[in-house]
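Biologist: Got a minute to go through this one with me? I'd like to talk about pockets, then the sheet.

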Amino acid sequence: MATRWGLCGAGKISHDFSVAMKTLPPGDHQIAAIAARSPESAQQFAKRHSIPRVHGSYEELAADSEIDVVYLGVLHTEHCRLGLLFLRAGKNVLCEKPFAMNGRQVKDLVAAARMSNVFLMEAIWSRCFPVHAEVRRLLAEEAVGEVKLVKAYFGSPQLHIPRSVEKELGGGALLDIGVYCLQFVLMVFNGERPESIQATGVLLDSGVDESMVVVMKFSGNRMAFCTFSIAVSLPNDATISGTNGTIRVAGPMHCPTKLVLNGKETEYPLPEPSLPLNFTNSTGLRYEAEEVRQCLLKGLKESPRMTLSDSTLLTEIMDEARKQVGVVFHQDSQ
């Protein structure tokens, strides 16, 4: 039987998610309903993507008994409020990244999921890509020896995009794209908490981070170095350096299709989209959708690829980086 999805939000990422769904067997996945801030935009979206039910409010979507999981694709300033609405209504939830605005909100979401005994996952789609699965396999068999240093870069000129630069919209490089660099490091080091975190950066006039460098030290004298910016383009790749070689995830490292092991390149092509996409390689959203389906079929309440403890630690590291650089959101004082 198909996993029945409800979409929360009719924006760009929900469009790409819907297009990615069409690359999966219709007997496995079906978008059954949608709700958005504007009922009109929900209607238009449903027409474009052939979604049978349109709800006039998020509360109606939460009450829909004929959906198995909600995809939360709204602005991250709304993730906590709407996530709690769906979780408390007994809905499984795949929540876009970043999970929430800070660690306290993430803890609230995790607690609500456990209270309702439902599935919850932060949509770090990178973790579900074949390239990332291969990286984990190579690390498990120590293909490059002992890992000593991890570097990850992500730079994308986004100063013209309001949600990237405005504090009220949760802007800044860290929460939007830096999250991908940090999650990669945590994946390589198996969700281990760093011994130290040092962050420095520059802020926009709005008070959000334009560019940031985060250096982390892990046990056993292992290091990680992340640089991200919404002002300039960067190589957007990630490198794992070990005592016996190097693994490089070619850019775009957050949705990769190329892996280089000691100079030997392997490609992992993506299916072609049926409609134009808003973001790079978005048909790769199919992988996280299928991961959710497999978890639900097994009765799991979280994904082993991106556990809730992974998400909690990731957010705590981002909180510490923001504190050191001086980025404060109003949600931090609530």
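Modeller: Sure. Keep in mind that this is a predicted model.

Biologist: Start with the second largest pocket. How does its lining divide into nonpolar, polar and charged?

Modeller: Eight residues of that lining are nonpolar, three are polar and seven are charged. The volume of the second largest pocket is about 320 Å³.

Biologist: Which residues are closest to its centre?

Modeller: Leu139, Met187, Val188, Phe189 and Asn190, out of 18 that line the second largest pocket. Helices α6 (130–140) and α8 each give at least two residues to that lining.

Biologist: And the largest pocket, what space lies in it?

Modeller: About 1300 Å³. Its lining has 43 residues, with Lys12, Ile13, Leu75, Arg163 and Phe279 nearest the centre. By class, the lining of the largest pocket has 18 nonpolar, 17 polar and eight charged residues.

Biologist: Which elements each supply at least two residues of that lining?

Modeller: Among them are α1 (12–21), α4 (79–88), β7 and α8.

Biologist: OK, the sheet. What's the strand order?

Modeller: β8-β9-β10-β7-β11-β12-β13-β14, an open sheet of eight strands with mixed pairing. The edge strands are β8 (196–203) and β14 (264–267). From one strand to the next, the twist averages 10°.

Biologist: In which sense do β9 and β10 pair?

Modeller: Antiparallel, over eight bridges. Phenylalanine 218 has arginine 222 in β10 as its bridge partner.

Biologist: Back to α8, which strands does it lie across?

Modeller: Helix α8 (173–188) lies across β7, β9, β10, β11 and β12, at about 160° to β10. Helix α10 (308–325) also packs on the sheet, touching β8 and β9, with its direction at about 55° to that of β8.

Technical notes:
Residues are numbered from 1 along each chain as its sequence is written. This is a predicted model: local features need pLDDT of at least 70, side-chain atom pairs count only at pLDDT 80 or more; totals for chains, interfaces and linings use all residues. Side-chain values use heavy atoms; hydrogens and water are left out. Two strands pair if DSSP finds at least two bridges between them. Helices (H or I, at least four residues) and strands (E, at least two) are DSSP runs, numbered from the N terminus. Axes are lines fitted to C-alpha atoms, for helices over the stretch in contact, and angles run from 0 to 180 degrees between N-to-C directions. Contact means heavy atoms within 4.5 Å. On a 1 Å grid over the protein atoms alone, a cavity is a set of points where a 1.4 Å probe fits but cannot get out, and a pocket is an open set with protein on both sides within 12 Å along at least five of seven lines; lining residues have an atom within 4 Å of a point. Grid points are joined across faces, edges and corners, and a volume is the space filled by probe spheres set on the points. Ala, Val, Leu, Ile, Met, Phe, Trp, Tyr, Cys and Pro count as nonpolar, Asp, Glu, Lys and Arg as charged, and the others, Gly among them, as polar.
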